[in-house]
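This report is an introduction for a reader who is new to the structure. It takes up the sheet, the helices on it, the salt bridges and the cores in turn.

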Amino acid sequence: MTNPKRFAIFLLLAMVTLMANAAAPSRKANVNDIMWYDSPAKIWLEALPIGNSHLGAMVFGGTETEEIQLNEDTFWSGGPHDNDSKTSIYYLNEVRSLIFDGKEKEAENIINKEFIKGPHGQKYLTVGSLKLDFGHKNVTDYRRELDLSTAISKVTYKNNGVNYSRETYASLADGVIVVRLMAGKKGALSFVAGHDCQLRHVNDSKLLSASGKNAKNGGSAMLTSVIDGVDHEGIKSALKAQVQAQVTADGKVSVKDGKVMVENAQVATIIISAATNYVDYKDVSGDAAARNAQYFKGVASLSLDQMKKRHIEKYQQQYFRTSLSLSNGANAAMPTSQRLDKFYGSDDYGMVSLLFNYGRYLLISSSQPGGQPANLQGVWNDKLNAPWDSKYTININAEMNYWPAEVCNLSETAEPLFSMVKDLSVTGAKTAHDMYGCRGWMAHHNTDLWRIAGPVDGAAWGIFPNGGAWLATHLWEHYLYTLDKDFLKEYYPVLKGAADFYLDYMVEKDGELLVVPSVSPEHGGKGKKSNVTAGCTMDNQIAFDALNQALRAAMVLDVDKDYQKKLEKAIAMLPKMKVGQYGQLQEWREDMDNPKDEHRHISQLYGLYPSAQISPFATPDLWKAAGVTLHQRGDQATGWSLGWKTNFWARMLDGNHAFTIISNMLRLLPSETNEDIHNHPDGRTFPNMFDAHPPFQIDGNFGVTAGIAEMLMQSSYVVSDDKDNGMTTIHLLPALPDVWKQGSIAGLKARGGYEVSEEWKDGKLASATIVPSHDGVLRLRTKENINVGTLVKSYDELAVKEYEINVTAGKAVKISAR
């Protein structure tokens, strides 16, 4: 039964605060914190996303029928399993010999038969939709919006002279979704609530508290749906989901045929919870009903305003850490889809601020401690068969999801990724041993809820042994940003395990250690009939990071001295990056790049970004070759590739080119239909600003968010041989576009434990504030002469000056241009 005290509080406070907002946030939302539209969503890619990591929802904003499409982050097909081949180990030497003999196609055939056995990964599912039938057909004054500063979706309109409003949010504080419905006239709110799902399900509804005589006292009911999971690729479903929606109103509440009816109310609230029996990748003994009961119990004593306040405060603790201000153009007042459609070539630079804010919003909403990592679509999916199953594609896409986490001051959002990496260090140890006879751990190019680590799809994509090590770089990056030795100590075995795999897997040839077999992700060289290769540039770069990070971690922790020497020896034997015949950075050991190839993967530039093996300061020749490669690959690509290219051009210190890439991304694609894709071939952003591959992939949203930060501030931290005295270098405004004449960025994080804020005017640095978390020496790069520090070096070709500044923990360094 409904808690009587809570119900009384609901009735009292709902009327007192009717149509009112909660307490004002710590700063007012501006136009670039708001996405708004003047009509309801007709398709999923027009609906607006909300989420709290555990739950995701897409709010359509309908007036005749509202749809709130739902996801729960652990509802996937299949059950615990692995996909490791039991025969690959017997063919490994033969495959390597064939590759070294130039018979890559023969090697590929063996890999497809003996290494890639399936299954090829499970799929992320939907838990259906809550539908609210209002019957409001003729409405005026319609508006729906998503306030990124509060993470609340709102709908307002007028029907038959009555004002109606709805607020919907996924509470970060309490783990439920809250829908608040209000009418401007007593007794004017009536609707039917039901649940629907494409999967097999059973709906039930029951009255929790009966409505009083003439509906004066209101009532409450619970809608429950139990949803069966899905078998997939021979793996039986081990999961069931339960969705519950508690409907409370100050009018008549009744139930019939698994639905809830509300009549003659003025205020109603729906609280939604969902859960499965998933515990972890090897344990499905959980109780979905008990978990939902716990969520409802957690909010039973809270008033609606308390719940809203708790949500906003929890959310804004993360969202308000960082802010970007760029000048708006005349289009800034338009509905968001129209503003997007008119952005290209305009002076509405505030649209980039909105894109940056949206990326941070999506990461906060899809990845929080204790949840699953953001997958290929974050936490949002309405399809039974999502593109690429909405898995974790770990040859770039899953990693790209987390590029903004540290630099945008959202470090806690990466915790689910760290947890998954720790899981993979267990499942991937079995894969390394059983498939390759190696110590340590590894994963190929995909994983899922069940933490598979074997190869999928086919050799051309799947025989990529670097996915686990690439994921592990995020552990090291977290240490570089925070200098948290406790974290490093906890995850050192994972870093070490990633390095151990390479020590065993790499093969010595001509005095070099090569990763073989492998592929440069999803790409083959000019004239080659197979993608399968040995020691491509990305192999060597990721192997370097895995080995070097384990070495540096061991140095910081002062452990494993003999092991450090072994790592140093292996690092010295890795192949060096090469400049090819066209001046490009070679993708393979052989010089076989096609200068007219505009492939979406530019894997040889991993060393430029996200790694830091290529820079204009330390490796100018390789840096220039990277620029040649970027020009060859062009300025158009899939949405996620444009996100990557934004970061590349930022690292090339070319803000104008980076902005060209962002402008190419901010081009409207109305939908995923073949007709719209044909009519809008350059469209890379959907009406709700989801990134378009096409189809929808969320990694582009996250990649460009990181890229915008990278344009405005770059940093590095080098662990020296003296483990206690690393060096941070911060570059202020390294890639500022000429057209961003004035603006500011606040709250970015720099490696070495710094927080950075900047303001610029007339295209030049005006001031900056840098707050260190540790005592030390900071190297600061800028184009301007500044008021603090000692000038130690000038890079005349780059027009960059480098200053040295002594810093004290917690004491802000105030910088102004002279």
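A residue is called buried under 20% relative accessible area, exposed over 50% and partly exposed in between, with a 1.4 Å probe and protein chains only. The model is predicted, so local features need pLDDT of at least 70 and side-chain atom pairs count only at pLDDT 80 or more, while totals for chains, interfaces and linings use all residues. Residues are numbered from 1 along each chain as its sequence is written, and side-chain values use heavy atoms, with hydrogens and water left out.

## The nine-stranded sheet

Helices (H or I, at least four residues) and strands (E, at least two) are DSSP runs, numbered from the N terminus. Two strands pair if DSSP finds at least two bridges between them. Nine strands form an open sheet with antiparallel pairing, in the order β1-β6-β7-β8-β9-β16-β13-β12-β11. The edges are β1 (34-37) and β11 (201-209); each has a single partner strand, so one side of each is left without a neighbour in the sheet. On average, with direction ignored, neighbouring strands of this sheet are turned by 15 degrees against each other. Such angles run from 0 to 180 degrees between N-to-C directions, and the axes are lines fitted to C-alpha atoms, for helices over the stretch in contact.

Within the sheet, β6 (residues 139-147) pairs with β7 (residues 152-159) over seven bridges in the antiparallel sense. In this pairing, Lys 158 of β7 is opposite Thr 140.

Two helices lie on the sheet, where contact means heavy atoms within 4.5 Å. Helix α4 (residues 288-299) crosses β12 (219-228), β13 (240-249) and β16 (267-276), and runs at about 145 degrees to β16. Helix α5 (residues 304-319) touches β7, β8 (162-170), β9 (177-183) and β16, and its direction makes about 50 degrees with that of β8.

## A buried serine in β12

Ser 225 is located in strand β12. Is this residue buried or exposed? Ser 225 has a relative accessible area of 1% and is buried. Its side chain makes polar contacts, which are pairs of N or O atoms within 3.5 Å; within protein, one atom must be able to donate a hydrogen and the other to accept it, and residues adjacent in sequence count only if both atoms are side-chain atoms. One such contact, of 3.0 Å, is with the side chain of His 195, and another, of 2.7 Å, is with the side chain of Asn 203. Beyond its neighbours within four places in sequence, Ser 225 also touches other residues, including Val 202, Ala 241 and Val 243.

## Salt bridges

A salt bridge is a side-chain nitrogen of Lys or Arg within 4 Å of a carboxyl oxygen of Asp or Glu. By this rule there are 37 salt bridges. Three of the pairs are listed here.

| Acidic residue | Basic residue | N to O distance |
|---|---|---|
| Asp 141 | Lys 158 | 4.0 Å |
| Asp 504 | Arg 439 | 2.9 Å |
| Glu 477 | Arg 751 | 2.8 Å |

Asp 141 is exposed at 57% relative accessibility, whereas Lys 158 is partly exposed at 29%. In the pair of Asp 504 and Arg 439, Asp 504 belongs to helix α13 (residues 485-505) and Arg 439 to the loop between α10 (415-436) and β19 (446-447), so parts 65 residues apart in sequence are tied together. Asp 504 is partly exposed at 29%, and Arg 439 is partly exposed at 44%.

The pair of Glu 477 and Arg 751 ties together parts 274 residues apart in sequence, because Glu 477 lies in helix α12 (residues 467-482) and Arg 751 in the loop between β26 (743-750) and β27 (754-761). Glu 477 is partly exposed at 22% relative accessibility, and Arg 751 is buried at 9%. Elsewhere, a network of salt bridges links Asp 82, Asp 84, Lys 86, Lys 430 and Asp 434.

## Nonpolar cores

A nonpolar core is a set of buried Ala, Val, Leu, Ile, Met, Phe, Trp, Tyr and Cys residues joined through side-chain atoms within 4.5 Å. The largest core has 244 residues, and those with the most contacts inside it include Phe 115, Phe 191 and Trp 740. Leaving aside neighbours within four places in sequence, Phe 191 contacts, among others, Leu 132, Val 260 and Ile 270. Another core, of twelve residues, lies apart from the largest one, and Ile 152, Met 222, Met 307 and Ile 312 are among its members.
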